[in-house]
Amino acid sequence: MSDTSRRPRRPGKPYRRPQKDPVRILAFEALRAVDERDAYANLVLPPLLRRAREKEGPEKFDGRDAALATELVYGTLRRQGTYDAVIASCVDRPLREVDPPVLDVISLGVHQLLGTRIPTHAAVSSAVELARVVLGDGRAKFVNAVLRKVAQDDLDGWIARVAPPYDEDPEDHLGVVHSHPRWVVSALWDALGGGRAGIEELLAADNERPEVTLVARPGRSTREELLGEEAAVAGRWSPYAVRLSEGGEPGAVEAVREGRAGVQDEGSQLVALALANAPVEGPDRAWLDGCAGPGGKAALLAALAAERGAVLLASEKQPHRAGLVARALDGNPGPYQVIAADGTRPPWRSGAFDRVLMDVPCTGLGALRRRPEARWRRRPADLDGFAPLQRSLLRTALDSVRVGGVVAYATCSPHLAETRAVVDDVLKQRGGAELVDARPLLPGVPDLGEGPDVQLWPHLHGTDAMYLAILRRTGDGA
């Protein structure tokens, strides 16, 4: 009798469910929000982390989990240009043909390989597991293949391979090495001036994690109170500034929770202080913040105005941002008013104010440390979109201040088209105003250039790249 029984099957490799890693899943979700919704990481990440901390069970976050998730998100965004060049050399198709979610998972893995101390095996395996969870097993194999190629060299080795030589194309070389678009490198270099060393220091500073800086609002808090907090040190330039060292949490500071202090870059504080300290001729009773949202400078100005018996009017075009301004000013010791109004068609009369701040909307190229994705989102054409608004708002500011009063024109961009070009054009076309040397209004701050305007820099001052020009109205304009 023949044996008709089947030969026993050779046991195959059993299917293993992908392991969910809540830290890397959260980082992936944040990157997808940045890509899909044009969101900013500094707005997306905090609520994701808060929900993760509130979860019960094995997926509940602790402080180390939150720190790692934050590093993965910001590190991946900051080094996106460099990582894209590396990934492009490891795939067989243009990057634009790689599905964005797949590219996000690969980029997270590349950052772990080239930008952290996570061991190679752990970096690759964790990215592949993430791919299995969020993409499926098929695309996880592609992720694995790419990351194994990337793991064959370190960051310096890859840069040597993918960056064009400096002597042949300086801007493109620096763009790949320091992860900035070529046009941004060129614009920053023009604004900074000088040779290679300075621009390399600036671009490197854009990729560093910025410190959290607090402001003690006069009459409501003091720097001494904030210095009593753990991990707090005095600011460099502003008498109201306190820096929190790595790991310091603003939400844990009582004065911040109560609104008596706030989170505010020291450069932003210096702009408000310069306006407050600029000499005016005659009375000093009415101040205006003409683009007040979200309210940091307005809160400091309102407190300073209250100390002198002056009143601040804070105006913001967008009603929801005007609401943020009102919240920031709530509890100010002196009188103030917050309104929602278009600064190019102001409801107040001409010459109504002694001091005016106009911190105009701009490309935000001065805050790339805090919003690294902005460098990839902005385009040179954006400058043309902002230019008419910036000039109109500066003209409004000069119309709104009385003769003998002062205007502070400020931008969080060092691009010359948003700074000196705007001021020069308005002064030439309108007349009736003169530039005041702003440097003495920032006592103790070094490297302020030849004046009369001031440009702050991350690598020189540890601040955002804020621009400031102080103008005094001398008569009626054209």
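## A small hidden space

The largest cavity in this structure has a volume of about 30 Å³. Keep in mind that the model is a predicted one. How many cavities of 30 Å³ or more does the structure hold? The count is one. If you wonder how anyone finds such a space, rolling a probe the size of a water molecule over the atoms shows where empty space is left.

So which residues form the wall? Lining the largest cavity are L188, L202, D206, L365, G366, P458 and A465. Sorted by class, that lining has five nonpolar residues, one polar and one charged.

## Meet C412

Next, take a look at C412. The UniProt record, an unreviewed entry, puts the feature "active site" at this residue. Where does C412 sit along the chain? Find the loop between β9 (401–411) and α19 (420–430), and you'll see C412 there.

Is C412 buried or exposed? Its relative accessible area is 16%, and buried means under 20%, so C412 counts as buried.

C412 has plenty to look at around it, too. Leaving out residues up to four places away in sequence, C412 touches D359, C362, G364, L365, G366, A367, D464, A465 and M466. Some of those names may ring a bell: L365, G366 and A465 are among the residues that line the largest cavity, and C412 touches these three.

## An open pocket

Now for a pocket. The second largest pocket has a volume of about 470 Å³. Its lining is made of 19 residues, and D35, Q80, D84, L103 and D104 are the closest to its centre.

Which helices help build this lining? At least two residues each come from α1 (22–37), α3 (63–78), α4 (80–88), α5 (100–115) and α17 (374–377). As for the classes, the lining of the second largest pocket has eight nonpolar, eight charged and three polar residues.

## The whole chain

Time to zoom out. The chain contains 20 helices and 12 strands. Its C-alpha trace spans about 120 × 55 × 40 Å along the principal axes.

Of the 478 residues in the chain, 53% are buried, and C412 is one of the buried residues. The accessible surface of the chain comes to about 22,100 Å², with 49% of that belonging to carbon and sulfur atoms.

One last thing is how the chain meets itself. Take the contacts with a separation of 6 or more: residues 24 or more positions apart account for 73% of them.

Definitions and conventions: Residues are numbered from 1 along each chain as its sequence is written. This is a predicted model: local features need pLDDT of at least 70, side-chain atom pairs count only at pLDDT 80 or more; totals for chains, interfaces and linings use all residues. Side-chain values use heavy atoms; hydrogens and water are left out. On a 1 Å grid over the protein atoms alone, a cavity is a set of points where a 1.4 Å probe fits but cannot get out, and a pocket is an open set with protein on both sides within 12 Å along at least five of seven lines; lining residues have an atom within 4 Å of a point. Grid points are joined across faces, edges and corners, and a volume is the space filled by probe spheres set on the points. Ala, Val, Leu, Ile, Met, Phe, Trp, Tyr, Cys and Pro count as nonpolar, Asp, Glu, Lys and Arg as charged, and the others, Gly among them, as polar. UniProt positions are given in the numbering used here, feature names are shortened, and annotations may be inferred rather than shown by experiment. Helices (H or I, at least four residues) and strands (E, at least two) are DSSP runs, numbered from the N terminus. Buried means under 20% relative accessible area, exposed over 50%, partly exposed in between (1.4 Å probe, protein chains only). Contact means heavy atoms within 4.5 Å. Accessible areas come from the Shrake-Rupley method with a 1.4 Å probe; for residues, only the protein chains shown count as cover.
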